[in-house]
Amino acid sequence: MSKHTKFTESNALPSTVHLQTALSQPIRQAPQYIHTVQTPIYRASTIIFKDTNALNNRHWSDDYDYSYGTHGTPTTYNLADQIAHIEGAKYCLLAPSGLSAINLVNSALLNTGDEVWIPDNIYSPNHDHLVSLQQKYGVVLKIYSPTDLDSIQFSSQSKLLWIEVAGSITLEFPDLATLIKKAKAQGVMTALDNTWGAGLAFSPFDIYDANKSRDNEKLAVDMSVHALTKYPSGGGDILMGSICTIDKKLHLELLRMHALQGIAVSGDDCAQISRSVSHMALRYQQHHQNTLKLIPFLQSRAEFSQVLHPSIASHAGHQYWKAICQDGLGAGIVSVIFRAEYQVEQIQQFCNTLRLFHLGFSWGGPTSLVMYYDLKAIRKLPTPHLQDGWLVRFCIGLEHADDLIKDIAQALDAFSS
Ligand SMILES: Cc1ncc(COP(=O)(O)O)c(C=O)c1O
C-alpha cells in the first residue's frame with residue numbers, strides 16, 4: 001500500500017497522501033445546489049462539523065444542527081416532515097418501530113404513581129410494556145372499555161390516556177371526540193395509536209365533533225403515534241414508527257428522551273419509506289376498496305356469526321366512524337367470528353388452506369395476511385357486542401378483490417366438506 005494517489009484541485013487533500021489515507025477520507029461533497037426527485041440517502045453516525053464554531057454552537061433541539069447520526073440527517077428529517085404533513089402535525093420524531101415509538105411515549109411521560117388508561121382493545125404489546133412499567137416502576141395501569149367511556153374514572157394521578165381508532169383486532173370505533181374532551185377536562189395527555197387511520201382516514205389534530213360545528217372547537221390529540229411499518233412503508237419489509245405533535249414543549253420533552261435513549265433510524269430505511277409515501281394515499285384507497293368488496297361476501301357465509309368492520313351499520317361505534325372519517329375511509333382490515341361450534345383445529349385448517357392469504361402479523365403491504373385469535377384470551381373486560389367463537393383477522397392486500405373472495409370461499413368449502 002505504498003502507492004501514492006493524485007488528487008484533483010476540487011478536493012482539499014494534499015496531493016501526495018497514501019492510497020490508504022485517500023480511501024479513508026470523504027472526497028466528493030455534494031454541490032450546494034442539486035435537486036433530485038428523491039431525497040439523497042445520508043448514512044451517518046459521525047457528522048463532520050464545518051469548524052469549531054459549528055461544533056460549539058449546535059443545539060440538540062434544532063433540526064438543522066446536524067451533529068450526530070442519532071440526532072438525524074436530511075434523509076431522516078425529510079421523512080419526519082412528510083409524516084408530520086400527512087398527519088397535520090408540526091413536529092415528528094422517528095423511532096425504529098411502531099412499538100418503540102409507543103414505548104418512547106410511555107417512558108418519556110410516565111413516572112412512579114402516574115395512572116395510564118388504555119382501551120381493552122389496545123395493540124397488546126403496548127399493554128405488555130405498561131405492565132412491565134407497572135411492575136418495575138409503580139406506574140398504575142387502568143383499562144377502559146372502548147364501547148363504554150363511563151368506564152373511565154380519572155383521578156388526580158391520571159396522566160396519560162391511550163386511544164386506538166379503530167381498536168386492534170376487533171375494530172371497535174370509539175367516540176374519539178368525547179375521549180379527547182374527557183381527558184382535556186382533567187388535564188390528562190392523550191396519545192392516539194393512529195396506525196389504522198394512517199393520517200388519511202381522519203386528521204388526528206383536527207377531529208370532527210359530531211355534536212358541534214367544526215369552527216367552534218378544534219379537537220386534537222396531544223400525540224399521534226404511527227407504525228410506519230404498515231401503510232407508509234407499504235412493502236411489508238421495513239419497520240419504523242413516528243410520534244407527531246403540534247405542541248413544541250411536548251415535542252421537546254419527547255425529543256429529550258429520544259436523544260437520551262439513543263433512538264435512531266437508518267437512512268436507507270427512511271429513504272425507502274419516503275419513496276413509498278408518495279403513493280400511500282392511492283394504496284390506502286385500494287386496500288379500503290378491496291375490503292369493502294369482501295364484506296358482503298363475508299356476511300353471506302353461514303360459517304361466520306359476525307363480521308367486524310366500522311363501515312357495517314351494526315358495528316360498535318359505526319356512527320363515530322361515519323362522523324370522523326368523513327370520506328368513508330379506513331384501513332384494509334376486516335375480522336370475522338366463526339360460529340361457536342367451530343373448534344380451533346378447524347380454524348387452523350381454514351388458515352392453512354388459504355392460498356393468497358398468508359399467516360403472519362402486521363398489515364399495510366401488498367400481500368394479504370390472516371391471523372386467528374382466541375377472543376377470550378385477549379380481552380380483559382366483558383364484550384357483550386361480540387359473539388363467542390374464534391376470531392380470524394384478514395389484512396387485505398393489493399390483490400384483486402375477486403381473487404381474495406375466491407380464496408376464502410375455497411378454504412371455507414374445503415373445511416365444510
Ligand atoms: C395498531 C398497531 N400499533 C402499533 C404496532 C407496532 O408496529 P411495529 O410492528 O412497527 O412495531 C402495530 C403492529 O402490528 C399495530 O398493529
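Which residues does the domain assignment of the protein give to domain 1, domain 2 and domain 3? In this predicted model, domain 1 covers residues 1-35, domain 2 covers 74-277 and domain 3 covers 280-416. Between the C-alpha centres of domain 1 and domain 3 there is a distance of 58 Å.

The ligand is found in the second largest pocket, where 15 residues surround it, and those that come nearest are Gly98, Leu99, Asp193, Thr229 and Lys230. By residue class, this shell is made up of seven nonpolar, five polar and three charged residues. Helix α4, which spans residues 98-109, makes the greatest contribution to the shell, supplying three residues.

Polar contacts to oxygen atoms of the ligand include the three set out below, in which the protein atom is in each case an N or O atom.

| Residue | Part of the residue | Distance to a ligand oxygen atom |
|---|---|---|
| Glycine 98 | backbone N or O | 2.7 Å |
| Leucine 99 | backbone N or O | 2.9 Å |
| Tryptophan 363 | side-chain N or O | 3.4 Å |

Glycine 98 and leucine 99 thus take part through backbone atoms, whereas tryptophan 363 takes part through its side chain. As for the surface of the ligand, 390 Å² is exposed when the ligand is taken alone, and the protein buries 89% of that area. Such a figure can be read alongside a common convention, since the size of an interface is often given as the accessible area lost when the parts come together.

Note on methods:
Residues are numbered from 1 along each chain as its sequence is written. This is a predicted model: local features need pLDDT of at least 70, side-chain atom pairs count only at pLDDT 80 or more; totals for chains, interfaces and linings use all residues. Side-chain values use heavy atoms; hydrogens and water are left out. Domain bounds come from an automatic or database domain assignment. A residue is near a molecule or strand if one of its heavy atoms lies within 4 Å of it. A polar contact is a pair of N or O atoms within 3.5 Å; within protein, one must be able to donate a hydrogen and the other to accept it, and residues adjacent in sequence count only if both atoms are side-chain atoms. Accessible areas come from the Shrake-Rupley method with a 1.4 Å probe; for residues, only the protein chains shown count as cover. On a 1 Å grid over the protein atoms alone, a cavity is a set of points where a 1.4 Å probe fits but cannot get out, and a pocket is an open set with protein on both sides within 12 Å along at least five of seven lines; lining residues have an atom within 4 Å of a point. A molecule sits in a cavity or pocket if more than half of its atoms lie within 2 Å of its grid points. Helices (H or I, at least four residues) and strands (E, at least two) are DSSP runs, numbered from the N terminus. Ala, Val, Leu, Ile, Met, Phe, Trp, Tyr, Cys and Pro count as nonpolar, Asp, Glu, Lys and Arg as charged, and the others, Gly among them, as polar.
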